[in-house]
Amino acid sequence: MSPKFNIAPLQDWPIDTSFPFIISGPCSAESETQVLATAHALKATGKVSLLRAGIWKPRTRPNSFEGIGAPALEWLALAKEETGLPITTEVAKAAHVEACLKAGVDVLWIGARTTVNPFSVQEIADALKGVDIPVIVKNPINPDLQLWIGALERLQLAGIHQLMAMHRGFSSSQKSVYRNDPMWEIPIALMSQHPEVPIICDPSHISGKRELLLPVAQKAFDLGMLGVMIESHPNPEIALSDKEQQVVPSRFQEIIESIHFRRAHSQDINQEEALATLRSRIDEIDKGVIQLLSERMEVASEIGKFKKKHDITILQLERWIEIFNTRSEQAISLGFSKEFITNYLEHLHKESIRMQTEVMNSTKD
Ligand code: PEP
Ligand code: MN
């Protein structure tokens, strides 16, 4: 595990990061009118802590709208002046950082296509040496936690202490309802390994469509994330990028108002005690489950010895298929998801094969 990050307490950051920390604004800054209209409408909702707009847009295909570039920084600066909202935009290279610092951008974010590239992240980190500014690091497009942590480390080594992670989902070859698969286990692993790193979610780029924004945002808060970034546009139908996932500011407000903000702990001692009792049952059950798994592995290793003695292969496809089908059927009838039981059985089988391979390769009997 990498060493703990040294993150400045949130209350000392130059922007209001109090819970829930909410960022909104257009995917791309398209015109001065569009930026100002969005900023004023968002300000009026009273829900926004930070105004976003992409200025340099990393697009998949070259003939897409690639952002207005540096001139749009003036529109953002004007929006900040008129509404009092602090501003943020995405930086992908040193020149972007310099232009943003000159324009008074309050927070920088590193996009998923940049986090993936250590050369680019290092270039940004070098440009930030000696600068005290909050930086939000989106997860890389590929599901690689180390790469995400590595980007945070590069910034930390450059002296950045106002660091935040943003979960925006991962590219996946699997067909899915999401534009980017959330793979919640990855941000959960980041939170478990580095609880000191504040983390927020980007439901817009996970969802890719308006209908999923609320459930994704709700899930992010239910997992203990501190905030969300949701793209908004005065007229999403004519947006120059990401039109399917942008919402008008009034819908953004409805989404935020529909989120159920739950607390990590109950203030009521009786509730905490009731929870502790239920948890002690879970503790006992888990002990039993691990004990049973160990007994199962002992039998698997006995079978391994038998196969070795009689020169039988480790894998017998028909037996594995039978185990897979019967256990899946039982689990699904008990309410488990197909995905869960499949993952479980595959892991179990892999461990059995590992044990039996050890037995086969052992020089003893
Ligand atoms: C964005 O937030 O506009 C963006 C480009 O997102 P990502 O880096 O997550 O693709
Ligand atoms: Mn976007």
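In the pocket of ligand 1, the side chain of K57 places an N or O atom 2.8 Å from a ligand oxygen atom, a polar contact being a pair of N or O atoms within 3.5 Å. This model is predicted, with local features requiring pLDDT of at least 70 and side-chain atom pairs counted only at pLDDT 80 or more, while totals for chains, interfaces and linings use all residues. Side-chain values rest on heavy atoms, without hydrogens and water.

Two further side chains join K57 in reaching ligand oxygen atoms: K138, with an N or O atom at 2.7 Å, and R113, with a polar atom at 3.2 Å. Taken alone, ligand 1 exposes 300 Å², of which the protein buries 97% (Shrake-Rupley areas, 1.4 Å probe).

The shell around ligand 1 (residues with a heavy atom within 4 Å) includes R52, E90, W109, R168, H205 and M229. By class, this shell holds 7 charged, 3 nonpolar and 2 polar residues, with Gly counted among the polar ones and Asp, Glu, Lys and Arg as charged. At least two shell residues come from each of α4 (112-115) and β8 (227-231), which are DSSP runs (H or I of at least four residues for helices, E of at least two for strands).

The second largest pocket is where ligand 1 sits; sitting there requires more than half of the ligand atoms within 2 Å of the pocket's grid points. Such a pocket is an open set on a 1 Å grid, with protein on both sides within 12 Å along at least five of seven lines.

On the scale of the whole protein, domain 1 spans 10-258 and domain 2 spans 269-361, with bounds from an automatic or database assignment. Their C-alpha centres lie 41 Å apart.

Methods
Residues numbered from 1 in each chain as written. Chains lettered and ligands numbered in written order. Polar contact = N/O pair within 3.5 Å; in protein donor to acceptor, adjacent residues only side chain to side chain. 1 Å grid on protein atoms, 1.4 Å probe; cavity = no way out; pocket = protein on both sides within 12 Å on 5 of 7 lines; lining within 4 Å.
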